[in-house]
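Q: Please take a close look at a single loop residue in this model and then place it in the wider fold. I would like one connected account.

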Amino acid sequence: MATIVECREALKKLSDNLAAADGEVRGAAALDRTLSCHLTDLDTTFTGRLADGRIEVEDTVAGPPPGKAQIRLRMTGDDLVAMVDGRLNFAKAWASGRVGLEAGFRDLLKLRALL
């Protein structure tokens, strides 16, 4: 099972990947939105922002998200690490319900480039 430290490192790596992206992916990552990532197996939530093409983790809280972020992710810590490492396809995991993504319709349209 992935640890909270490994998950935080995975989010940092994802942020670095988004910052280095170009084209349509860079445009999708350029949103300025609140973000939460609830790790169901660790019962921990990372909260922060997607801003300027980076994920900025502001806090780590026990339990489900304390508020309703504009972009909300839900998955296990192992799935987060596997997706960032390229071992798990986000679109397939999302389609099967293994990973949850909630956002406004316009944000989902922009985020599809990241999927």
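A: Aspartate 43 is partly exposed in this predicted model, because its relative accessible area of 41% falls between the limits of 20% for buried and 50% for exposed. Aspartate 43 sits in the loop between β1 and β2. Its phi is near 45°, a positive value in a residue other than glycine. Most residues other than glycine have a negative phi.

Aspartate 52 can be read alongside it. Aspartate 52 lies in the loop between β2 and β3, and its phi, near 55°, is again positive in a residue that is not glycine. With a relative accessible area of 67%, aspartate 52 is exposed, because the value is over 50%.

The strands β1 (33–39) and β2 (44–51) each supply at least two residues of the largest nonpolar core. That core has 27 residues, and those with the most contacts inside it are Cys7, Leu39, Leu50, Ile71, Leu73, Met75 and Leu80. At least two residues each also come from α1 (4–20), β4, α3 (77–84), α4 (90–95) and β5 (100–103). The largest share, five residues, is supplied by α3. In soluble globular proteins, nonpolar side chains tend to be buried together.

Methionine 75 shows the surroundings of one core member. Leaving aside neighbours within four places in sequence, methionine 75 is in contact with Cys37, His38, Leu39, Thr40, Leu80, Met83, Arg98 and Val99.

The helices α1 and α3 pack at an angle of about 30°, with their axes 9 Å apart. They are therefore roughly parallel to each other, the angle being under 35 degrees, and their crossing is left-handed. On the α1 side, Glu6, Cys7, Ala10, Leu11, Lys13 and Leu14 take part, meeting Gly77, Leu80, Val81 and Val84 of α3. The residues of this contact divide into seven nonpolar, one polar and two charged.

A further loop residue is lysine 68, found between β3 (54–62) and β4 (71–75). Lysine 68 counts as exposed because its relative accessibility, 71%, is over 50%. Its C-alpha atom is separated by 10.0 Å from that of alanine 103, a residue 35 positions away along the chain.

Terms used:
Residues are numbered from 1 along each chain as its sequence is written. This is a predicted model: local features need pLDDT of at least 70, side-chain atom pairs count only at pLDDT 80 or more; totals for chains, interfaces and linings use all residues. Side-chain values use heavy atoms; hydrogens and water are left out. Helices (H or I, at least four residues) and strands (E, at least two) are DSSP runs, numbered from the N terminus. Buried means under 20% relative accessible area, exposed over 50%, partly exposed in between (1.4 Å probe, protein chains only). A nonpolar core is a set of buried Ala, Val, Leu, Ile, Met, Phe, Trp, Tyr and Cys residues joined through side-chain atoms within 4.5 Å. Contact means heavy atoms within 4.5 Å. Axes are lines fitted to C-alpha atoms, for helices over the stretch in contact, and angles run from 0 to 180 degrees between N-to-C directions. Angles under 35 degrees count as roughly parallel, over 145 as roughly antiparallel, 65 to 115 as roughly perpendicular and the rest as oblique. A crossing is left-handed if the near helix is turned anticlockwise from the far one by less than a right angle, and right-handed if clockwise. Ala, Val, Leu, Ile, Met, Phe, Trp, Tyr, Cys and Pro count as nonpolar, Asp, Glu, Lys and Arg as charged, and the others, Gly among them, as polar.
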